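Colleague: Hi, do you have a moment to walk me through this one? I have a few things to ask.

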Amino acid sequence: MGGVVIYLSSGLCLLFLLFVIKLLNKIWWTPIRIQSQMRSQGIKGPSYKFFHGNNKEIINMKNEMIMSSSPMELSHQIFPITEPHIYSWIKLYGTNFLMWHGSQAELVVAEPKLIKEIMNNNRSFPKREPREYLKLLGNGLVTTRGEKWLKKRKLAVNAFHAENLKNMIPDMIASVDMMLERWRDYEGKEIDAYREIKVLTSETISRTAFGSCYLEGENIFNMLTKMAYIVAKKKYKLEIPGIGKLLKTNDDIESDKLERDIRDSIIKVVKKRESNVLTGEAESYGNDLLGILMRAYHSADETQKISLDDLIDECKTFYVAGTDTTASLLSWTIFLLAIHSDWQDKARKEVLELLGQQNPSADNISRLNIVGMIINETLRLYPPFVVFVREVKKEVKLGDLIVPANVDVTIPVIAVHHDPQIWGEDFHLYKPERFAQGVPKATSNNMAAFLPFGLGPRTCVGFNFTIIEAKIALSMILRRYKFTLSPNYVHSPVPRITLCPQHGIQVMLRALFINKLWWNPIWTQSQMRSQGIKGPSYKFIHGNTKEIINMTNEIMSSPMELTHQIFPRVYPHVYSWIKLYGTNFLMWNGLQPQLVVAEPDLIKEILNDKDRAYPKREPTNFIKKFLGDGLVTTQGEKWFKQRKLANHAFHVETLKVLTSEIISRTAFGSSYLEEENIFNMLTKLAFFISKNEYKVRIPLIGKLVKTRDNTKSDKVEQDIQDSVIKIVENREKNVITGEVDSYGDDLLGALMMAYHDVDVNQKISLDDLIDECKTFYVAAQETMASVLSWTVLLLTTHNNWQDKARKEVQELFGQQSPNAGNI
Ligand code: HEM
């Protein structure tokens with residue numbers, strides 16, 4: 001028994017000893033050996049520290065940058081900010097140096113000649129095992145290696161080949177349209193372009209690669225974003241070999257759960273498409289990336305087949321690779337254009353010249369050269385991936401160097417892109433003109449001097465996809481908006497999975513003139529059409545005004561026969577278009593869309609306006625002059641106050657006494673003749689309104705340049721105001737001199753009482769008083785005149801009804817005047 005115990009315990013001791021030796025080998029002798037081997041070849045670097053390597057220094061330098069109390073100035077010299085350790089150590093130790101991620105040796109290579117050698121040699125310098133990215137990307141195309149990589153690469157190349165990309169353009173346009181639709185609420189305001197662009201790129205990849213919309217995949221995106229955050233947080237955390245697998249941190253537990261949930265959600269997307277094929281709803285898995293992956297998953301040929309896990313990992317990879325990267329590129333492009341308005345203008349000019357009012361197409365996208373230069377310069381200054389990593393499993397030659405096994409190789413793209421020896425002393429300046437003659441010229445044919453998309457066999461498979469998406473998005477934004485950087489923007493580029501703006505990119509959005517004249521109408525029209533509301537098409541600037549004026553002129557040119565079918569005469573356009581397009585249709589008064597609603601149920605809904613969604617329309621300039629801001633045109637609290645005054649002036653008791661008076665007497669206590677002048681002037685204003693009803697008003701221009709009618713109506717408006725003031729002063733004088741003892745019970749009296757009220761809640765201004773007077777002169781005179789005139793005409797042509805009415809009046813009134821009782 002004792003022998004067994006001794007035997008067992010010495011076995012355990014031996015195992016422990018072996019473990020300690022292995023551990024020491026890993027965290028002490030190997031690092032020391034590699035360090036001295038590299039130093040002997042002239043490769044220096046910060047010394048290896050037991051177990052930690054250089055992690056503590058790296059974390060301290062990064063924290064110092066992030067925590068720095070003063071925000072970074074608006075400079076593009078971001079290398080010292082994003083990778084401070086590489087920046088300092090290149091300065092200290094040279095272009096290529098050795099540093100330590102824990103006990104893992106990392107050879108940093110910033111020399112383009114060597115970079116080219118590494119990136120082109122996928123066998124000796126394969127992608128490093130994914131480690132921290134495994135949970136995020138799985139064994140997808142970005143992370144996988146060997147035979148599996150080759151199989152997946154072929155599938156992805158197939159999904160993104162030229163013909164397929166062409167077919168994706170309408171979906172890309174639709175995604176940008178959706179974003180610009182949201183932007184309409186931000187015109188003249190601040191918007192976070194980064195947040196918006198992230199939704200855009202998610203929407204685009206959802207539609208193009210997975211045949212769904214962003215909202216359906218929103219959950220997957222959210223989970224992947226959380227996972228990316230955990231991954232970035234863990235990057236420089238040390239893990240003791242073996243221990244990490246036994247003791248789980250909170251981050252590990254959360255990321256395990258996220259990984260399971262993401263898997264379940266993707267399986268749901270896959271199952272949905274499978275069931276569409278099974279039920280016959282779709283006849284194939286489709287030609288997008290998901291379709292191609294599903295065909296490979298169901299393939300009977302073992303050499304083509306991929307497993308369910310592969311399929312899921314590939315989806316994860318594309319959800320991440322397809323969104324974060326392009327979002328980074330587009331956001332920094334918008335940032336750079338916001339501060340370099342000269343390039344923004346140049347790009348817009350190119351877009352307008354090439355695309356005009358057309359949507360981007362495969363043909364015109366490829367001809368957007370200035371936009372292409374702008375994209376390249378953004379990728380140079382703000383590359384989405386600031387470093388790439390490879391590994392060396394077996395000793396290998398690199399230039400004149402011998403790189404020992406078990407060394408990782410880091411390629412600091414940002415160092416190459418910001419190298420003054422390659423780009424000149426002005427490397428930190430934004431100069432898209434560097435790329436005017438193309439990339440080879442800009443880099444003097446040095447392929448490894450500009451490598452935002454990598455180099456060699458593992459170069460980005462989504463390169464063309466991204467460029468097309470970025471050009472479409474930029475051209476559609478540029479031709480609708482001008483943007484400048486908001487004062488709230490804080491410059492802080494941080495490398496997470498990709499290089500992103502830590503606090504977003506706040507820009508001030510200004511709609512371009514063309515937006516108002518073209519895009520907004522076109523968008524509104526298509527939105528209404530998609531809901532079945534048709535109507536005459538919007539014409540540039542004029543809308544349908546020319547057609548309306550022509551129809552009106554035509555109908556008015558000949559007298560009408562004596563029929564009561566007046567609808568085709570008074571509103572010939574509405575009459576024709578209801579016949580053509582249905583009871584409710586959309587027409588255009590210049591740039592203003594007008595939804596014509598003739599369906600009684602909808603009319604009820606609009607006029608009852610329970611949700612206060614249909615307030616009175618803001619009066620046009622002429623109507624304002626005509627009615628002022630009086631009861632008919634005003635809204636909200638002011639309307640409420642004025643309505644109370646009018647209700648009081650016209651309540652039943654007052655009316656009983658005043659029915660026999662015309663409006664001058666009832667409302668203003670004077671006779672028509674006294675105010676004949678006001679009525680005449682108002683009639684003139686009414687003439688200007690009807691004359692200008694369908695005149696196109698171009699935004700802003702109307703404010704700057706006055707038409708003759710505008711000048712004339714200004715004068716009439718002033719004269720009316722003077723006349724009303726005279727009436728008011730007259731009544732005031734009567735009170736002051738004691739001729740009368742109050743302002744009176746009529747409307748003018750009620751208004752004057754409110755005007756002189758000491759309670760600010762009741763008080764109205766002189767302008768309000770004048771506008772209210774105008775409103776009632778017009779509202780009462782015009783409306784009553786209309787009703788009475790047509791009644792007279794109808795009775796003239798329908799003698800039987802004239803006789804019936806006369807009989808009733810004679811029976812009721814006899815020789816008496818009408819009174820409240822008999823009326
Ligand atoms: C501005 C946008 C983008 C940039 C800067 C970018 C950059 C890169 C880089 C540098 C690599 C190679 C990394 C390495 O060698 O270690 C890469 C690979 C890859 N990219 Fe992109 N990418 C972008 C957009 C996209 C998009 C939109 C997709 C998918 C739709 C995508 C999918 C991939 C995939 C699958 C790989 C792995 C290819 C392989 O290893 O065979 N990328 N990308």
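Modeller: Gladly, and keep in mind that this is a predicted model. Let's start with an annotated position: the unreviewed UniProt entry gives a "binding site" annotation that covers Cys460.

Colleague: Where does Cys460 lie in the chain?

Modeller: Two helices frame the answer, helix 21 (439-442) and helix 22. Cys460 lies in the loop between helix 21 and helix 22.

Colleague: Is Cys460 buried, exposed or partly exposed?

Modeller: The C-beta neighbours inside 10 Å decide this, and Cys460 has 18 of them. A residue needs 20 or more to be buried and 12 or fewer to be exposed. With its 18, Cys460 therefore counts as partly exposed.

Colleague: Which residues does Cys460 touch, not counting those up to four places away in sequence?

Modeller: With those sequence neighbours set aside, two contacts can be named. They are Phe453 and Gly454.

Colleague: How many residues surround the ligand?

Modeller: Cys460 is listed with the closest, together with Gly322, Thr325, Gly454 and Gly462. Helix 7 (146-159), helix 14 (308-321), helix 15 (324-339) and helix 22 each supply at least two residues of the shell. By class, the shell has 14 nonpolar, seven polar and two charged residues. The number of residues surrounding the ligand is 23.

Colleague: On to helix 8: why does the distance between its end C-alpha atoms agree with its number of residues?

Modeller: Helix 8 runs over residues 162-183, which makes 22 residues. At 1.5 Å a residue, helix 8 should span 32 Å. That agrees with the distance between its end C-alpha atoms, which is 31 Å.

Colleague: Where does helix 8 bend?

Modeller: The bend is about 35°, and a proline, Pro170, follows within four residues. The residue at the bend is Met168.

Colleague: What covers the buried residues of helix 8?

Modeller: The buried residues in question are Met168, Met172, Ser175, Val176 and Leu180. So Met168 appears both at the bend and among the buried residues. What covers them includes helix 9 (193-210) and helix 22 (463-478).

Colleague: And how far apart are the end C-alpha atoms over residues 6-24?

Modeller: The unreviewed UniProt entry annotates residues 6-24 as a "transmembrane region". In the model, the chain there is 100% helix and 0% strand. The end C-alpha atoms of this stretch are apart by 26 Å.

Conventions
Residues numbered from 1 in each chain as written. Predicted model: local features only at pLDDT ≥ 70, side-chain atom pairs only at ≥ 80, totals over all residues. Expected span 1.5 Å × (residues − 1). Bend = angle between axes of the 7 residues up to and from the residue. Contact = placed C-beta atoms within 7 Å. UniProt positions renumbered as here; feature names shortened; annotations may be inferred. Near = placed C-beta within 6 Å. Nonpolar A, V, L, I, M, F, W, Y, C, P; charged D, E, K, R; others polar.
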